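Visitor: I'd like to go through this one label by label. Could you show me the structure and then tell me where the labels come from?

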Amino acid sequence: MTKKRSKKSRTPLEIWTSERHRTERECHMQKQKLNSHFNYIQQNPGQLVASGIIELFSVPSGVTSECPPSKSKLGKLGDFLKSSGNGLLPAMWEISKPLLLRWAMAEIGVVLQRIGKKQETDC
């Protein structure tokens, strides 16, 4: 005699398969969301860095000394950045220093090329 399964009971294999499919769908959705965030970051790097630096050093209007930072409009990330600003500034400088040096070297190269071209035309 074989037992008949009811429609609601599922085998462990069916449970595992449905769980795997659900997990794959969730992973795909998270991957798409993450890719959209990375695309936004790639398209707006200067704006994001500038707004982060401004937010780090600015005091929001309407916040007084009696009001703790957690009550301000900054949110949790802003509170974290303000509270750990002293630790972040050296790290931010270490990150930005190579970028600034690269930019400065490129500008110096352009200036030297212009000077070289002027000297060639003067001779």
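**Labels and their cut-offs**

Guide: Of the 123 residues of the protein, 7% count as buried.

Visitor: What makes a residue count as buried, exposed or partly exposed?

Guide: Buried is under 20% relative accessible area, exposed is over 50%, and partly exposed is in between, using a 1.4 Å probe and protein chains only. Before we go on: this is a predicted model, where local features need pLDDT of at least 70, side-chain atom pairs count only at pLDDT 80 or more, and totals for chains, interfaces and linings use all residues. Residues are numbered from 1 along each chain as its sequence is written, and side-chain values use heavy atoms, with hydrogens and water left out.

Visitor: What pLDDT does the protein average?

Guide: The average is 77, and 68% of the residues score at least 70. That's the predictor's confidence in each residue, from 0 to 100. Among the elements, helix α1 (residues 12-43) has the highest mean, 93, and helix α3 (residues 75-83) the lowest, 61.

Visitor: How many helices and strands are there?

Guide: Four helices and zero strands. Both are DSSP runs numbered from the N terminus: H or I of at least four residues for helices, E of at least two for strands.

Visitor: Why is the contact between Arg22 and Glu19 called a salt bridge?

Guide: The term asks for a side-chain nitrogen of Lys or Arg within 4 Å of a carboxyl oxygen of Asp or Glu. Arg22 and Glu19 meet at 2.2 Å, N to O, so the pair fits that cut-off. Both residues lie in helix α1, three residues apart, about one turn of the helix.

Visitor: Why is Arg22 called partly exposed?

Guide: Its relative accessible area is 33%, so Arg22 falls in between the buried and exposed limits. Glu19, at 38%, is partly exposed too.

Visitor: What about Glu26 and Arg22?

Guide: Their side chains meet in a salt bridge at 2.6 Å, N to O. Glu26 and Arg22 are four residues apart in helix α1, which means about one helical turn separates them. Glu26 has 40% relative accessibility, so the label is partly exposed.

Visitor: And how do you know that Lys97 and Glu94 form a salt bridge?

Guide: The closest N and O atoms are 3.5 Å apart, so that pair passes as well. Lys97 and Glu94 are three residues apart in helix α4 (residues 85-122), about one helical turn. Salt bridges that share partners also join Glu19, Arg22 and Glu26 into one network.
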